[in-house]
Amino acid sequence: MTVLLCAALGGCARPAAEPTPADRLKTHLSRCVEQGKVLFGHQDDLFYGKNWHRWDGGGEHSDIRAVAGDYPAVLGVELGGIELGNERSLDHVPFALIREGIAEHHRRGGIVVVSWHPANPASGGDSWDVTAGEGVAASLLDGGANRAKGREWLRRLGDFFDSLRDDDGRRIPVVWRPWHELAGNWFWWGAPYCTADDYKALWRTTYDYLVGERGLDNLVWAVSPGFTEYCTTGYTDYWPGDDCVDLVGIDIYQYGTSAEFTDLTRRHLSQLAAVAAARGKLLALTETGCEALPDARWWTGALLPALEGFPVAYVLTWRNAWDRPAHYYAPFEGEASADDFRAFVADERIALLGECNELQ
Ligand code: BMA
């Protein structure tokens with residue numbers, strides 16, 4: 001009987017392996033791209049925003065939902081401080097609340113992306129402490145002075161990723177983008193202080209530990225080096241390896257005019273679209289924004305035309321700080337660009353949570 005059935009089915013192929021949580025997330029993102037959608041994201045959206053925060057008795061809120069009637073499709077979360085065993089992120093959010101928010105967003109059919117601004121292992125300063133100069137990244141590698149500390153940091157990260165579970169106990173997938181903005185001179189792992197070989201080894205060490213040793217199958221690996229005057233080879237010489245990258249991204253903020261932002265973003269996205277296509281990777285605008293939104297038509301006038309025609313899976317706008325009045329990148333109730341933001345998300349290309357959920 002088995003033989004007959006096998007013959008009828010054209011041979012006994014081994015059953016296909018069950019897709020991992022990361023595979024399912026990649027499929028979800030690819031489906032959105034195929035449908036011509038760009039998922040809209042906002043950093044820390046569920047945890048705090050303009051004049052509110054959810055911890056210490058604060059209730060649920062979302063600046064995006066308050067303005068546009070739905071949550072962002074993509075929730076950005078930040079793990080800086082977890083490596084030290086802290087209870088709260090460097091932006092004051094309890095990690096327990098971050099875990100809860102990730103599960104909540106996943107349950108609603110949304111996508112989570114994770115950034116990490118780790119401390120400087122050599123100086124004890126923060127990510128932006130570059131006073132130790134070259135060699136800090138190398139100190140985390142095999143034979144380096146901070147290797148044991150680096151292993152401990154990765155263990156804490158691994159514990160957190162492993163603790164992300166859905167209601168059935170399955171791991172929740174997230175886009176994970178460690179060691180970002182490599183091309184800048186502002187992080188201790190930045191290109192001015194880190195050779196291509198050391199950067200690739202740092203990435204490989206991170207990947208081998210989390211995926212190889214810990215077996216974490218819920219991470220979609222995103223690289224977002226960027227291009228700067230200090231380094232233009234983030235996607236070539238510093239490329240961590242085709243087997244340990246799933247998504248190619250870039251972080252671009254507006255510092256000049258809206259027209260300059262649109263032009264710069266288009267130039268960089270067209271370069272990245274070619275990299276992503278050649279390597280078979282997803283593409284995203286992994287961080288963006290214009291602090292305090294001086295241009296009330298920024299959404300339809302600058303960001304939408306910047307994205308036009310590129311197969312961008314998602315765009316993540318940076319956080320609306322609860323404790324720094326001018327440090328915000330997304331609208332909130334009464335903010336000057338709120339009307340334009342509603343027009344932006346009404347565009348058929350832009351998806352908030354509801355549409356993202358439907359495309360699973
Ligand atoms: C930066 C700023 C900081 C913040 C950091 C990590 O761009 O928003 O205030 O601590 O990101 O989220």
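This is a short dialogue on reading the ligand site and the two largest pockets of a predicted model.

Me: What should I keep in mind about this model before I start?
Reply: The model is predicted: local features need pLDDT of at least 70, side-chain atom pairs count only at pLDDT 80 or more, and totals for chains, interfaces and linings use all residues. Residues are numbered from 1 along each chain as its sequence is written, and side-chain values use heavy atoms, with hydrogens and water left out.

Me: Which residues are around the ligand?
Reply: A residue counts as near a molecule if one of its heavy atoms lies within 4 Å of it. Here the residues around the ligand are E78, L90, D91, H117, W128, W318, R319, R324 and H327. By class, three are nonpolar, two polar and four charged. In this scheme Ala, Val, Leu, Ile, Met, Phe, Trp, Tyr, Cys and Pro are nonpolar, Asp, Glu, Lys and Arg are charged, and the others, Gly among them, are polar.

Me: Which side chains have an N or O atom paired with a ligand oxygen?
Reply: A polar contact is a pair of N or O atoms within 3.5 Å. An oxygen atom of the ligand is 2.6 Å from a side-chain N or O atom of H327, and the R319 side chain has such a pair at 2.7 Å. For R324 the distance is 2.8 Å. The protein covers 80% of the 310 Å² of accessible area that the ligand has on its own (Shrake-Rupley method, 1.4 Å probe).

Me: How do I read a pocket, and where is the ligand?
Reply: Rolling a probe the size of a water molecule over the atoms shows where empty space is left. On a 1 Å grid over the protein atoms alone, with a 1.4 Å probe, a pocket is an open set of points with protein on both sides within 12 Å along at least five of seven lines; lining residues have an atom within 4 Å of a point. The space taken by the ligand is the largest pocket (more than half of its atoms lie within 2 Å of the grid points).

Me: What is the volume of the largest pocket, and what lines it?
Reply: Its volume is about 780 Å³, the space filled by probe spheres set on points joined across faces, edges and corners. Of its 36 lining residues, E181, W186, Y253, Y255 and E287 are the closest to the centre. The lining has 16 nonpolar, eleven polar and nine charged residues.

Me: What about the second largest pocket?
Reply: That one has a volume of about 400 Å³. Among its 21 lining residues, R24, H106, R170, P173 and Q360 are the closest to its centre.

Notes: Polar contact = N/O pair within 3.5 Å; in protein donor to acceptor, adjacent residues only side chain to side chain.
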